[in-house]
Amino acid sequence: MMRFGPLEHFTTKTDTPLGELLLLRRPLKQDPFGLPKINGPEDWSLSLAGRQLAELPGFELYAARGAGLRRGAVGGVEGAELRIEVRGGLRRSHRGVEFRSGGRTLRFVRRGLARAELLEDGRTVARTGSGGWEHEETDPLRVLALAVYTWAALDRVNTNPVLRDVLPALLGSLIS
């Protein structure tokens, strides 16, 4: 079981079966007062057990949360290119978040209303459980994918858009 706590301001860390995973975030833009811009692109650097694991330059965290990560993200993981692609749609089969690197494709899908699964070669290798990710064997790419998916709240873009966007607005108008 892997648990990823909340995303902290500039550094976040968690224990994994492969060692401690550390995320360092560096905002790329500043506001007019010279302070880091909160809603702008960031450089993400992840290390696992004290070794550099991955870089995600210009990662737009808040665009991902708002389903605006349409063009994806490109970075590197252990010397290979890493691509993150997000696809949305009304039909569940059209939605998904993919991590591609070194000839491997890891795909996050939704099962039911609340459960997410990580697939590799069509086989489930991790799923959300009671408070974390239940997984079989793990490797650095899977740990990276689970961490980025969780910390960047990519599950939000993998959710049915009617439940995510329309239903809260409708309930809000009924309450007010």
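Among contacts in the protein chain between residues at least 6 apart in sequence, what share joins residues at least 24 apart? The share is 40%. Keep that number in mind as you open this predicted model and follow the stops below.

**Stop 1: the whole chain**

Start by colouring the protein chain by secondary structure. You should find 3 helices and 11 strands. Read from the N terminus, the elements run β-β-β-β-α-β-β-β-β-β-β-β-α-α. Now switch on a surface: the protein chain exposes about 9400 Å², and carbon and sulfur atoms supply 54% of that area. Of the 176 residues, 40% count as buried.

**Stop 2: the sheet**

Next, hide the helices and select the strands. The 11 strands make an open sheet, ordered β1-β2-β3-β4-β5-β6-β7-β8-β9-β10-β11, with antiparallel pairing. Its edge strands are β1 (11-16) and β11 (133-135), each of which pairs on one side only. From one strand to the next, the twist averages 20°. As background, strands of a sheet pair through backbone hydrogen bonds, either parallel or antiparallel.

**Stop 3: β7 and its two partners**

Select β7 (96-101). Is this strand mostly covered or mostly exposed? Mostly covered: 5 of the 6 residues of β7 are buried.

On one side, β6 and β7 run antiparallel and are joined by 6 bridges. To see one of the pairs, pick Arg87, whose bridge partner in β7 is Gly96. With β8, strand β7 again runs antiparallel, this time over 5 bridges. Here, Arg100 stands opposite Thr105 in β8.

Then zoom in on the hairpin of β7 and β8. There are 2 residues between the strands, and Gly102 takes a positive phi near 55°.

Moving along, β8 (residues 104-111) and β9 (residues 115-120) pair in the antiparallel sense over 6 bridges. Try selecting Val109 together with Glu117, its bridge partner in β9.

**Stop 4: the helix across the sheet**

Bring back helix α2, residues 140-151. Which strands does α2 lie across? The list runs from β1 and β2 (19-27) through β3, β4 (51-59), β5 (73-77), β6 (80-87), β7, β8 and β9 to β10 (123-128) and β11. Line up your view with β8, and you will see α2 running at about 40° to that strand.

**Stop 5: the nonpolar core**

In soluble globular proteins, nonpolar side chains tend to be buried together. In this model, the largest nonpolar core has 37 residues, and Ile84, Phe99 and Leu154 have the most contacts inside it. Helix α2 contributes the largest share of this core, 9 residues.

Centre on Ile84 and show what surrounds it. Beyond the residues up to four places away in sequence, Ile84 touches Leu56, Phe59, Gly72, Ala73, Val97, Glu98, Phe99, Val148 and Leu154.

**Stop 6: Ser45 and its polar contacts**

For the last stop, select Ser45, which is found in strand β3 (residues 42-48). Is Ser45 buried or exposed? Ser45 counts as buried because its relative accessibility is 16%, and the cut-off for buried is under 20%.

Show the side chains here and look for two polar contacts. The side chain of Ser45 contacts that of Gln52 at 3.3 Å, and a second polar contact, of 3.0 Å, joins the side chains of Ser45 and Glu55. Leaving aside neighbours within four places in sequence, the residues in contact with Ser45 are Leu22, Leu23, Leu24, Gln52, Ala54 and Glu55.

Conventions:
Residues are numbered from 1 along each chain as its sequence is written. This is a predicted model: local features need pLDDT of at least 70, side-chain atom pairs count only at pLDDT 80 or more; totals for chains, interfaces and linings use all residues. Side-chain values use heavy atoms; hydrogens and water are left out. A nonpolar core is a set of buried Ala, Val, Leu, Ile, Met, Phe, Trp, Tyr and Cys residues joined through side-chain atoms within 4.5 Å. Buried means under 20% relative accessible area, exposed over 50%, partly exposed in between (1.4 Å probe, protein chains only). Helices (H or I, at least four residues) and strands (E, at least two) are DSSP runs, numbered from the N terminus. Contact means heavy atoms within 4.5 Å. A polar contact is a pair of N or O atoms within 3.5 Å; within protein, one must be able to donate a hydrogen and the other to accept it, and residues adjacent in sequence count only if both atoms are side-chain atoms. Accessible areas come from the Shrake-Rupley method with a 1.4 Å probe; for residues, only the protein chains shown count as cover. Two strands pair if DSSP finds at least two bridges between them. Axes are lines fitted to C-alpha atoms, for helices over the stretch in contact, and angles run from 0 to 180 degrees between N-to-C directions.
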